[in-house]
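Dear colleague,

Please find below the structure that I am handing over to you. My notes on it follow directly after.

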Amino acid sequence: MSETADSAGTGDAGGQADGNVLFVVLDTVRKDHLTPYGYDRPTTPVLEEFAAEARVYENAVAQAPWTLPSHASMFTGLYPSDHAATQEDPYLGDDIGTLAQAVRASGRATACYSSNAWITPYTRLTAGFDRQDNFFEVMPGEFLSGTLADLWQRINDNDRLRSVADRLVELGNTVHEYLASGEGADTKTPEVIDRTIEFTDEAEDWFAFINLMDAHLPIYPPEEYREEFAPGVDPTAVCQNSKEYNSGARDIPEQEFDDIRGLYDAEIRHIDAQLERLFDHLKRTDQWEDTTVVVCADHGELHGEHGLYGHEFCIYDPLVNVPLMVKSPGLAPGRDETTVELLDLYHTTLDAAGATDAAGTPDHGGEAFDPTRSLLREEARAFEGGEYGFVEYHRPVVELNQLETKASEAGITLDEDSRFYSRMRAARRADAKYIRNERIPDEGYRLDGDPGETETVGTDDPAVAEAEETLAEFEAWVGGEWSEVDGDDVLGDMSDDAKSRLQDLGYME
């Protein structure tokens, strides 16, 4: 741990805070665009104030560079290879217990408010939440339950079914981009905050999870913040579709990326202002002091680094070294250099909510509580290999489909032996990182001297060699080489209702 955190200690809590928990995910927000992490623009004055009373982690590692597997790891305490919620199988299995289920079993009210299309009953990420609202315009909550949610869990890489996922996500992206184009009109963050405030007032003992999507493409910030951070920039004039750039169909000059960064910063400032409403409410109602507050990002975003835009097709640090701040009774504030992982937040939340006994029981079926994974404990990360964080990126089926569409429209043929078709894994510690790539050469980096990951270093470097060895051990533990997804026809296992729905939607004859 850092000197500041070590000297302050963890206080008397020793875990088991047994209080309310607010879990905030800043979707797609990179660490280096936040004021508490040294950004020179005032994007997050509220979080800067929050950081003064929180433990601020410098080396937090997301388990994946995009929403579904990253959230699934936070909600299950499992790595993506274990929970298997990826684009290859885009849902969390029924046999896996969730964080919300364990917290609810302990007697605490649970709520999930989000505008992310992946956080729905469709993917089962909302299992265990008493109250849940997804403000995604295209597919409201009642649509994402029952027959259609059952259908989603039967989609795999079978050619006849994969089009369902592809077309639904592409439809969602198209409609979201259209709705978002009017002066920030599509932001659902104020409604998410309003609903969370109502929930915290009505529930006596509670766990609230919120996902704030404003920084995710497409970005159309409210005029107030756009004028502050991107004056004169027209959001409709910049590239809002990362696949156009990544496929080679569209070039983005550096000035345009500067404009995109300005709009991105404006969205982050908007999120920060909305969090102020929630934080101030908890303070006014005397709930703040006893509430554990977790603020993190599920992944970051690239703005041209490594020739990429968005958060696909790589696992570089702007995507996976994410912001993480934790405020909890008894947890001393300070900067912390310890490597931690987002999946640790499963155990941290169980600890804070006093739900450690509910996890891992036969009724729950999920991971048992591990005190060495709780960031509230003195023994946090005190296990073999605890100085490393691990990342997994499975085959990006939906994103690749959209990329191929953009390339085809521009008359471009993508190289199948490229990063676009490659699955990836990485072992990362504070000074070194090793990336295993499926179809392109592996990559090693000395992060202490090359934080931008610009110069590949071989395993003749001792730190990179150790990272590669540690990654190999991790791979052996989670299953070694990637295997092909089972391509058997699953139509025979589908209910008549689900088949009828597919026919109604035009996906089956």
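Two strands are said to pair if DSSP finds at least two bridges between them. In this predicted model, that definition applies to β13 and β14, where K433 stands opposite Y445 of β14. Strand β13, residues 432–437, and β14 are joined by four bridges in the antiparallel sense. The connection from β13 to β14 is a hairpin of five residues.

**The four-stranded sheet**

These two strands belong to an open sheet of four, ordered β11-β12-β13-β14, with antiparallel pairing. Because β11 (389–393) and β14 (443–446) each have a single partner strand, they stand at the edges, and one side of each is left without a neighbour in the sheet. On average, neighbouring strands here are turned by 10° against each other, direction ignored. Helix α15, residues 462–478, lies across β11, β12 (424–428), β13 and β14. Its direction is at about 50° to β13.

**The eight-stranded sheet**

A second open sheet has eight strands in the order β4-β3-β5-β1-β6-β9-β2-β10, and its pairing is mixed. Its edge strands, β4 (131–134) and β10 (334–341), each pair on one side only. The average turn between neighbouring strands of this sheet is 15°, direction ignored. At the β10 edge, strand β2 (residues 55–61) and β10 run parallel and are joined by six bridges. One residue pair to look for there is Y57 with its bridge partner D336 in β10.

**Helix α8 and its neighbours**

Helix α8 lies across β1 (21–26), β3 (109–114), β4 and β5, and runs at about 180° to β5.

How do α8 and α11 run relative to each other? The axes of α8 (residues 189–202) and α11 (residues 254–284) come within 10 Å and cross at roughly 10°. Angles under 35 degrees count as roughly parallel, and the two helices are therefore roughly parallel to each other. The crossing of α8 past α11 is right-handed. On the α8 side, the contact is made by T189, P190, I193, D194, T196, I197, T200 and D201. On the α11 side, H270, Q274, R277, L278, H281 and L282 take part. Sorted by class, this contact has five nonpolar, six polar and three charged residues.

**Two backbone details**

The peptide bond joining L217 and P218 is cis, with omega about -5°. P218 is found in the loop between β5 (206–212) and α9 (223–229). The other detail concerns D286, which has a positive phi of about 60° although it is not a glycine. D286 lies in the loop between α11 and β6 (292–296).

**Confidence in the model**

The mean pLDDT of the protein chain is 86, and 81% of its residues reach 70 or more. Which stretches have a pLDDT under 50? One is residues 1–13, where pLDDT stays under 50 and the model has 27 contacts beyond four places in sequence. Another is residues 497–509, also with pLDDT below 50, for which the model has 24 contacts beyond near neighbours in sequence.

With kind regards

Key:
Residues numbered from 1 in each chain as written. Predicted model: local features only at pLDDT ≥ 70, side-chain atom pairs only at ≥ 80, totals over all residues. Heavy atoms only, no water. Axes fitted to C-alpha atoms, helices over the stretch in contact; angles between N-to-C directions. Contact = heavy atoms within 4.5 Å. pLDDT = per-residue confidence, 0-100. Parallel < 35°, antiparallel > 145°, perpendicular 65-115°, else oblique. Left-handed = near helix turned anticlockwise from the far one by under 90°. Nonpolar A, V, L, I, M, F, W, Y, C, P; charged D, E, K, R; others polar.
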